Amino acid sequence: MSAADFIQVNTPRLGAREKELVNECLDSGWISSEGPYIARFEQAVAEKLGRRHAIAVCNGTAALQVAVDALGLGPGDEVILPSLTIISCVAAIVRAGATPVLVDSDPHTWNMDVDAVAACITPRTRAIMPVHLYGLPVDLDPLLALAQRHGLAIIEDAAEGLGGSYRGRPCGSFGTLSTLSFYPNKLVTTGEGGMVLTDDDQLALRCRRQRNLCFIEQRRFLHEELGWNYRMTSLQAALGLAQVEAWDQHLALKLALGARYQQGFADLPGIQKPAVAGIHGDANIYWVYGLVLDDGHPLDAEAAMRVLAQRGIGTRPFFWPLHEQPVLHARGLCQGLRLPVAERLARRGFYLPSGLALSVADQQRVITTVRECLQ
Ligand SMILES: *Cc1c(COP(=O)(O)O)cnc(C)c1O
């Protein structure tokens, strides 16, 4: 097997329209975050998700930070979120000086166990941060009800749920603030990029300020708060405009990719496949296609991934639970906390090549190889 035969875990889908719009942007001379491209891209995504405001930023991690800061979260405030997610979620909370409260995963959906959230609410709780893990929409209704009852904000991390919907409404339309990433493995990519979405005029203004060093309107270079330079460039926004045009196509590709994997592994014993849909029938859009090895399976995720790599198949492990992160323990957070489902998923779970440009032939090779190696 030559290096060229290695099937990467992700390959983005970029076409002629991307080149056309990026070139048009270059020709226009608008290459910073000034000019028309950012606003056009923001409007295109806001329209897709039915949101009033969209604020483009330089990546999804920055989007989460801007959302946390726009809400004014800080010392003494608690935010409830799943343990099995990317570090970006907790980093935003910890950097703001607020306290993360982590909940375990649901063993069937791999999403946060929404039934565990109510018991985590204290007088200090200010927000819940649900994450649509690996493309399966979180069961949001119980969380929205809790938020309503206790006056909490929802920070919806929809980076992996983009294109999906929950009870007929798009993922990314539910949060007081919702966040997206446009990393190359996401449904829409700008290379690096992210976005915050909200319907609240005041919060939108705060996000725009946070994104751009907290300049204020009255006097340029006078600052009442510290912000960030998290601006997106127009070149990225131009790329994003072409990607938004391909949104429906990308979604169809993801659904087809997931369906082929599900069928390819339908009779494969000893392995848990992703849920096809959430409890209300909301389709998994297979941001990535994960597998979880049963406890009785002779291999753990690490060993399975090693065998597959030798056979030319790229994979990635599941997230490592936040409550087991040394960086949080070092800050005196989450020490001694046990969340057994998340711990098990991290050790038994990994995902297969799931990129939008993965060919059917290459996917067939992945399926055949997985069957041979993990049978
Ligand atoms: C990709 C991702 C992010 C952050 O993305 P970056 O753009 O890489 O900073 C945040 N949350 C989730 C759930 C993601 O999948």
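## Ligand site

A polar contact is a pair of N or O atoms within 3.5 Å. With that cut-off in mind, Ser181 can be read as making such a contact, since a polar atom of its side chain lies 2.8 Å from an oxygen atom of the ligand. The protein buries 91% of the 380 Å² that the ligand exposes when it is taken alone. The model described here, ligand site included, is a predicted one.

Two acidic side chains also approach the ligand: a nitrogen atom of the ligand is 2.6 Å from an N or O atom in the side chain of Asp157, while a polar side-chain atom of Glu160 lies 2.5 Å from an oxygen atom of the ligand. The residues around the ligand further include Asn59, Gly60, Thr61, Ile86, Val131, Ala159, Lys186 and Gly193.

## Two domains

The protein is divided into domain 1, which covers residues 16-245, and domain 2, which covers residues 247-374. The centres of domain 1 and domain 2, taken over C-alpha atoms, are separated by 24 Å. Between them, 44 residues of domain 1 are in contact with 43 residues of domain 2.

## Nonpolar cores

In soluble globular proteins, nonpolar side chains tend to be buried together. In this model the largest nonpolar core has 52 residues, and those with the most contacts inside it are Val68, Leu73, Leu81, Met129, Tyr134, Ile155 and Val196. Two or more residues of this core come from each of strand S1 (53-57), helix H3 (60-70), strand S2 (78-82), helix H4 (87-95), strand S5 (153-157), helix H6 (201-211) and helix H11 (340-348). The largest share, seven residues, is given by H3, and the core as a whole draws at least three residues from each of domain 1 and domain 2.

Val196 gives a closer view of this core: leaving out residues up to four places away in sequence, Val196 touches His53, Ala54, Ile55, Ala63, Val66, Ala67, Leu177, Ser178 and Cys207. A second, separate core of 26 residues includes Phe41, Leu162, Phe182 and Val188.

## Helix H3

H3 is mostly covered, with ten of its eleven residues buried. The buried residues of H3 are Gly60, Ala62, Ala63, Leu64, Gln65, Val66, Ala67, Val68, Asp69 and Ala70, and they pack against S1, H4, S5, strand S8 (177-181), strand S9 (194-198) and H6.

At the start of H3, a side-chain oxygen of Asn59 reaches to within 3.0 Å of the backbone nitrogen of Thr61; Asn59 and Thr61 are also among the residues around the ligand. H3 is followed by Gly72, whose phi is positive, near 70°.

## Positive phi outside glycine

Trp110, although it is not a glycine, has a positive phi of about 70°. Trp110 is placed in the loop between strand S3 (99-103) and strand S4 (125-128), and at a relative accessible area of 4% it counts as buried because that value is under 20%.

Leu213 is likewise not a glycine and has a positive phi of about 60°. The residue is found in the loop between H6 and helix H7 (234-245), where, with a relative accessible area of 34%, Leu213 is partly exposed.

## Thr125 and Asn10

Thr125 lies in strand S4 and counts as buried, at 6% relative accessibility. A polar atom of the Thr125 side chain is 2.8 Å from the backbone nitrogen of Thr122. When neighbours within four places in sequence are left aside, Thr125 is in contact with Glu78, Ile80, Cys120 and Leu152.

Asn10 is found in the segment before helix H1 (16-28) and counts as partly exposed, at 24% relative accessibility. Although Asn10 and Pro184 are 174 residues apart in sequence, their C-alpha atoms are 8.0 Å apart in space. A polar atom of the Asn10 side chain lies 3.3 Å from the backbone oxygen of Pro184, and Asn10 touches Pro184, Asn185 and Gly355, not counting residues up to four places away in sequence.

Terms used:
Residues numbered from 1 in each chain as written. Predicted model: local features only at pLDDT ≥ 70, side-chain atom pairs only at ≥ 80, totals over all residues. Heavy atoms only, no water. Core = buried A, V, L, I, M, F, W, Y, C linked by side-chain atoms within 4.5 Å. Buried < 20%, exposed > 50% of the residue type's maximum accessible area, 1.4 Å probe, protein only. Helix = DSSP H or I, 4+ residues; strand = E, 2+ residues; numbered from the N terminus. Domains from an automatic or database assignment. Contact = heavy atoms within 4.5 Å. Near = heavy atom within 4 Å. Polar contact = N/O pair within 3.5 Å; in protein donor to acceptor, adjacent residues only side chain to side chain. Areas by Shrake-Rupley, 256 points an atom, 1.4 Å probe, with all protein chains shown as cover.
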